[in-house]
Amino acid sequence: MKKVYPDAKSALAGVLKDGMMIMAGGFGLCGMPGTLIEAIRDSGVKNLTCVSNNAGIDGAGLGLLLETRQIKKMIASYVGENKLFAQQFLAGELEIEFNPQGTLAERMRAGGAGIPAFFTKTGVGTDIAKGKEEREFNGERYIMETGLIADLAVVHAWKGDTEGNLVYRKTARNFNPMMATAAKVTVAEVEQLVPAGELDPDHIHTPGIFVKRIIEVGSAKKRIEFRNTRPRPSA
């Protein structure tokens, strides 16, 4: 089965459709599948439900899909770096389902593992618990959260091989591994693509069985959300 595609547009061909759920990796701007997100924008697909830790920033990541109003709903943990997101939400143009960060990660991991639901203490007694089933275990209250399975997951990895095996680097190993397992179709972009057999099996984070399509994007410029500096004392 051919998994390697020449570019993002061809890798997403026949996969995208209006109203689908898309998981997009990344923590802030780290490990974000920027090339694939740009191709989603250019496709014009709309009414999307996007699952991601955050909504990118203005002008980057999922922020690009907010600019074109292709996102109908966000399932996320943190969206504080995107002014456009706030504007659309406050205007009633965008739905939001907030999840505690660990709960969001576990919902994806559960979906990928075939677990339809689980119980957690996080959110008990808060707005997070509204409308959710609650049970008591060993004298403690827990709420039920459901697993997430998307139509498509787009992930970014440091290295990949032609069979779809992926290796993430440092902080980019964030939500990407869970998302890669929790979608009907996973498309990966990698900075370096190598022949099958070149990756050390003990170093592989996502087995190729989860990845349907893959593209090589090279080493893009690493963006920084906040650059904090302080003046140095004069010599």
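In the next few minutes I will walk through two helices, one cavity, some salt bridges and a few backbone angles in this structure. Please keep in mind throughout that the model is a predicted one.

Let me begin with helix H2, which covers residues 34-43 and has Leu-36, Ile-37, Ala-39 and Ile-40 as its buried residues. If you look down the axis of H2, these buried residues fall within an arc of 160 degrees, so they line one face of the helix. As background, an α-helix has 3.6 residues a turn, so residues three or four places apart point the same way. Just after H2 comes Gly-44, and the phi of Gly-44 is positive, near 80 degrees.

Helix H5 can be described in a similar manner. It runs over residues 101-113, which makes 13 residues, and from its first C-alpha to its last H5 reaches 19 Å, a span close to the 18 Å expected at 1.5 Å a residue. The buried residues of H5 are Thr-103, Leu-104, Ala-105, Arg-107, Met-108, Ala-110 and Gly-111. H5, too, is followed by a glycine with a positive phi, in this case Gly-114, with a value near 80 degrees.

I would like to stay with Arg-107 for a moment, since this residue, buried in H5, is also linked with Lys-73 and Glu-97 in a network of salt bridges.

How many salt bridges does the count come to? The count comes to twelve, and I will pick out a few of them. One joins the side chains of Asp-18 and Lys-46, at 3.0 Å from N to O. Asp-18 lies in the loop between helix H1 (8-11) and strand E1 (21-24), while Lys-46 lies in the loop between H2 and strand E2 (48-51), so the pair ties together parts that are 28 residues apart in sequence. Asp-18 counts as partly exposed, at 44% relative accessibility, and Lys-46 likewise counts as partly exposed, at 41%.

Another salt bridge is formed by the side chains of Asp-42 and Arg-41, again with 3.0 Å from N to O. Here Asp-42 counts as exposed, at 57% relative accessibility, whereas Arg-41 is partly exposed, with a relative accessible area of 28%. A further pair is Lys-130 and Asp-127, whose closest N and O atoms are 3.1 Å apart, and both of these residues are exposed.

Now to the interior. A search of the whole structure finds one cavity of 30 Å³ or more, and the largest cavity holds about 50 Å³ of space. Which residues line the largest cavity? They are Ala-24, Gly-25, Gly-26, Gly-28, Met-32, Ile-37, Ser-52, Asn-54, Gly-56, Gly-61 and Leu-62. Sorted by class, this lining has four nonpolar, seven polar and no charged residues. You may recognise Ile-37 in that list, as it is one of the buried residues of H2.

Finally, let me turn to two residues other than glycine that have a positive phi. Asn-47 has a phi near 60 degrees; it is found in the loop between H2 and E2 and, at 42% relative accessibility, counts as partly exposed. Lys-170 has a phi of about 50 degrees and lies in the loop between strand E9 (166-167) and helix H6 (176-181), where, at 66% relative accessibility, Lys-170 counts as exposed.

Definitions and conventions. Residues are numbered from 1 along each chain as its sequence is written. This is a predicted model: local features need pLDDT of at least 70, side-chain atom pairs count only at pLDDT 80 or more; totals for chains, interfaces and linings use all residues. Side-chain values use heavy atoms; hydrogens and water are left out. Buried means under 20% relative accessible area, exposed over 50%, partly exposed in between (1.4 Å probe, protein chains only). Helices (H or I, at least four residues) and strands (E, at least two) are DSSP runs, numbered from the N terminus. The arc is that of the directions from the helix axis to the C-beta atoms. The expected span of a helix is 1.5 Å times one less than its number of residues. On a 1 Å grid over the protein atoms alone, a cavity is a set of points where a 1.4 Å probe fits but cannot get out, and a pocket is an open set with protein on both sides within 12 Å along at least five of seven lines; lining residues have an atom within 4 Å of a point. Grid points are joined across faces, edges and corners, and a volume is the space filled by probe spheres set on the points. Ala, Val, Leu, Ile, Met, Phe, Trp, Tyr, Cys and Pro count as nonpolar, Asp, Glu, Lys and Arg as charged, and the others, Gly among them, as polar. A salt bridge is a side-chain nitrogen of Lys or Arg within 4 Å of a carboxyl oxygen of Asp or Glu.
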